[in-house]
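Student: Could we go through this protein model together? I would like to practise reading strands, neighbours and burial.

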Amino acid sequence: MQDFYQFLYKLIEKVYNLAMEYIVKGHAETVALGKDLGSRLKGGETILLNGNLGAGKTTFTKGIALALGITEPITSPTFTILNEYEGNLNLYHFDMYRLGKGEDEDLGFYEYYDNLDAVCVVEWNISLFEFSKVICVDIEYIDDETRRVSIYENFRN
């Protein structure tokens with residue numbers, strides 16, 4: 001699996017432009033960084049979260065949700081595949097871990113992407129997205145408390 005992530009990171013670096021890289025320590029800093037990114041979202045963005053199990057993808061999403069005015073608890077959609085939340089902008093939180101290639105399209109998930117009244121956060125992305133506003137966030141485990149978060153942007157207008 002590690003070889004796959006190294007390949008994925010190299011592909012991401014070629015397709016997306018590295019906007020920022022951060023070192024975060026602990027839950028609170030991860031949430032704060034997600035909230036900072038979320039505060040800059042306008043709607044229609046698709047955020048692709050990459051990282052190993054336990055890296056902090058759902059914790060990062062909690063920060064995005066706070067910035068969008070969502071007050072209900074954010075949980076991992078591992079078993080539901082999609083969690084929907086209402087806020088100033090709606091949040092569609094996907095976890096594609098259990099899906100095979102192309103199944104997201106078969107399930108009608110493409111109807112959610114590019115929605116100007118919402119933000120999509122996709123964990124374990126399995127598709128190459130052709131949507132207009134894509135932000136890729138890589139969360140890399142450094143140690144039990146520390147993560148490197150790299151944010152890549154590729155807005156197509």
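Tutor: Happy to help; what follows is a set of short questions and answers about this predicted model.

Student: Let's begin with strand β4. Is it largely enclosed or largely open?

Tutor: Strand β4 covers residues 90-95. Residues under 20% relative accessible area are called buried. Five of the six residues of β4 meet that description, so the strand is largely enclosed.

Student: Which way do β3 and β4 run, parallel or antiparallel?

Tutor: β3 spans residues 82-85, and it makes a hairpin with β4, with four residues between the two. One pairing to look for is Tyr-85 with its bridge partner Leu-91 in β4. Four bridges join β3 to β4, and their direction is antiparallel.

Student: How many bridges join β4 to β5?

Tutor: β5 is the strand at residues 118-123, and it runs parallel to β4. To find one pairing in the model, start at Tyr-92, whose bridge partner in β5 is Cys-120. The number of bridges joining β4 to β5 is six.

Student: Is Asn-83 buried or exposed?

Tutor: Asn-83 is found in strand β3. Leaving aside neighbours within four places in sequence, its contacts include Thr-75, Pro-77 and Tyr-92. Its relative accessible area is 13%, and the cut-off for burial is under 20%. Asn-83 is therefore buried.

Student: Which residue's side chain makes a polar contact with that of Asn-83?

Tutor: Look at the side chain of Asn-83 and search for a polar contact of 3.4 Å. The partner is Tyr-85.

Student: And what is the relative accessibility of Asp-95?

Tutor: Asp-95 belongs to strand β4. Setting aside residues within four places in sequence, Asp-95 is in contact with Ser-76, Pro-77, Thr-78, Ile-81, Glu-123 and Trp-124. With Thr-78 there is also a polar contact of 3.2 Å between the side chains. Asp-95 counts as buried, because its relative accessibility is 2%.

Student: Now a loop residue: what distance separates the C-alpha atoms of Gly-56 and Gly-26?

Tutor: Gly-56 sits in the loop between β2 (45-50) and α3 (57-67). This glycine is buried, with a relative accessible area of 14%. Not counting residues up to four places away in sequence, Gly-56 touches Thr-30 and Ile-139. Gly-26 is 30 residues from Gly-56 along the chain, and their C-alpha atoms are separated by 9.3 Å.

How values were computed
Residues are numbered from 1 along each chain as its sequence is written. This is a predicted model: local features need pLDDT of at least 70, side-chain atom pairs count only at pLDDT 80 or more; totals for chains, interfaces and linings use all residues. Side-chain values use heavy atoms; hydrogens and water are left out. Buried means under 20% relative accessible area, exposed over 50%, partly exposed in between (1.4 Å probe, protein chains only). A polar contact is a pair of N or O atoms within 3.5 Å; within protein, one must be able to donate a hydrogen and the other to accept it, and residues adjacent in sequence count only if both atoms are side-chain atoms. Contact means heavy atoms within 4.5 Å. Two strands pair if DSSP finds at least two bridges between them.
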